[in-house]
Amino acid sequence: MKIMPNRLDRGFYMFQQEFEDKALEVLRSGWYVLGREVEAFEKEFAAYTGANYCVGLASGLDALWLAFRVLGIGSGDEVIVQGNTYIASVMGITINGATPVFVEPDEYYNIDAEKIEEKITERTKAVLVVHLYGQASRMDRIAKICKKHHLRLVEDCAQSHGACFQGQMTGTFGDIGCFSFYPSKNLGAFGDGGAIITNDENIARDMRIYRNYGSEKRYYNKVVGANSRLDELQAGLLRVRLSHLGQLEKERVQIAGRYTSKLRNPLLILPQVREGATSVWHQYVIRCEAREDLIRYLDEREIGTIIHYPIPPHLSEAYAGLGYREGAFPITEHYAKTVLSIPMYNGMTEEEQETVIQALNQFAG
Ligand SMILES: *Cc1c(COP(=O)(O)O)cnc(C)c1O
């Protein structure tokens, strides 16, 4: 039995009829960009998260860079972010000309809140929190630090749709929560999509202006904006998926629970969930010192895995200009060398999970 690290087709067939009906409805409507479906999705997603406003965008990266743009953060400013994130988090900062200042992660793969204050300078304007792998970060402490130092707080929720800290949903703790609806995300579209959520009416209004060439009124342009509009087809299909997101999340929690209770191998370090936080298990990430051997061993058994992420942003060729050398962030770099995401997707059968568990438990290094 071949097991892939992710199976997007399963998520489609789960609600096939609803997706197909909605797609036809949109195609037949004659209106394809920023219309009724987008408006309805924005209302429903805001309600789901508990935020006052949601603005649909073209991608998660756009949500990030437009967030900093709208907050007026750019050249000469510093933004604090964890070292072990997907490169898009960092690009959202640097597209605006701002400088990322990296902080090491804690044992939950999120930013180590105790290491933020030592990185604050007079140039620091914001903290970008990434709820990596689906687990909410330590938001009480982080929000307090931001308040004390008058910093903006932006959340990268591309992997954490629905994850909570002390009962409050990720994306609602700071000024702006940024989401991606890339097909492999927990709330995935059938193409690219993104959104921001906020409680600030002005931020929501500015975001609507920026996403449409800087115009509020057609052909009257206030600022140099972007073309970052969510289309009707994606918004409609996202509405279908959003209506089932609670059930989809439960299934992921169940799969993760089975892994955690049945995986037993001293060579593997399993993921932990922080007290007060929940994880929506975007990935189930283990660590192994003999990772290359483990990948080869699983490959031979037709079990696919992915490394999230093999090269931390500070060592990426794209950011050679920042001048970091290997050793600059030892924990981040150690994670990059040892993390491995094992198969995790909606619609994963019990038989598939048991096959993965058995193989991992029999790995002898
Ligand atoms: C996917 C992802 C993004 C970017 O989202 P896109 O829609 O692909 O642009 C940003 N941050 C994180 C943590 C992600 O996982």
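This section describes the central sheet, the helices around it, the ligand site and selected residues of a predicted model. Local features are reported at pLDDT of at least 70 and side-chain atom pairs at pLDDT 80 or more, whereas totals for chains, interfaces and linings use all residues. Residues are numbered from 1 along each chain as its sequence is written, and side-chain values use heavy atoms, with hydrogens and water left out.

Seven strands form an open sheet of mixed pairing, in the order β1-β9-β8-β5-β4-β2-β3. Strands (E, at least two residues) and helices (H or I, at least four residues) are DSSP runs numbered from the N terminus, and two strands pair if DSSP finds at least two bridges between them. The edges are occupied by β1 (53–57) and β3 (99–103); each has a single partner strand, so one side of each is left without a neighbour in the sheet. On average, neighbouring strands of this sheet are turned by 25 degrees against each other, direction ignored. Axes are lines fitted to C-alpha atoms, for helices over the stretch in contact, and angles run from 0 to 180 degrees between N-to-C directions.

At one edge, β1 pairs with β9 (residues 194–198) in the antiparallel sense over five bridges. Within this pair, Cys 54 has Ile 197 in β9 as its bridge partner. At the other edge, β3 and β2 (residues 78–82) pair in the parallel sense, also over five bridges, and Ile 80 stands opposite Val 101 in β3. Four of the five residues of β3 are buried, so this strand is largely enclosed by the rest of the structure. Here buried means under 20% relative accessible area, exposed over 50%, and partly exposed in between (1.4 Å probe, protein chains only).

Helices lie across the sheet. Helix α3 lies across β1, β8 (176–180) and β9, running at about 130 degrees to β1. Helix α6 (residues 139–148) lies across β4 (124–130) and β5 (152–156), at about 145 degrees to β5.

The structure holds zero disulfides, a disulfide being a pair of cysteine sulfur atoms within 2.5 Å. The sulfur of Cys 54 is 11 Å from the closest cysteine sulfur, in Cys 178, which is too far for a bond. Cys 178 is likewise in no disulfide, the nearest cysteine sulfur being that of Cys 157 at 7.1 Å. Both Cys 54, with a relative accessible area of 3%, and Cys 178, at 1%, are buried.

Helix α8 (residues 232–242) is largely enclosed by the rest of the structure, because nine of its eleven residues are buried. These buried residues pack against α1 (8–13), α2 (16–29), α3 (36–49) and α9 (245–262), where contact means heavy atoms within 4.5 Å. The N-terminal end of α8 is capped by Asp 231, a side-chain oxygen of which lies 3.1 Å from the backbone nitrogen of Leu 233. Beyond the helix, Ser 243 occupies the loop between α8 and α9 and is exposed, with a relative accessible area of 54%. The side chain of Ser 243 reaches the backbone oxygen of Val 240 at 2.6 Å.

The ligand is surrounded by 13 residues, of which Gly 60, Asp 156, Gln 159, Ser 180 and Lys 185 are the closest; a residue is near a molecule or strand if one of its heavy atoms lies within 4 Å of it. A polar backbone atom of Gly 60 lies 2.8 Å from an oxygen atom of the ligand. An N or O atom in the side chain of Gln 159 is 2.8 Å from a ligand oxygen atom, and a polar side-chain atom of Lys 185 is 2.7 Å from a ligand oxygen atom.

Ser 341, in strand β13 (residues 339–342), is buried at 2% relative accessibility. The side chain of Ser 341 makes a polar contact with that of His 308 at 2.7 Å. A polar contact is a pair of N or O atoms within 3.5 Å; within protein, one must be able to donate a hydrogen and the other to accept it, and residues adjacent in sequence count only if both atoms are side-chain atoms. The peptide bond from His 308 to Tyr 309 is cis, with omega near 10 degrees.

Positive phi values occur at Leu 34, at about 45 degrees, and at Trp 281, at about 50 degrees. Leu 34, in the loop between α2 and α3, is partly exposed at 23% relative accessible area, whereas Trp 281, in the loop between α9 and β12 (284–287), is buried at 9%.
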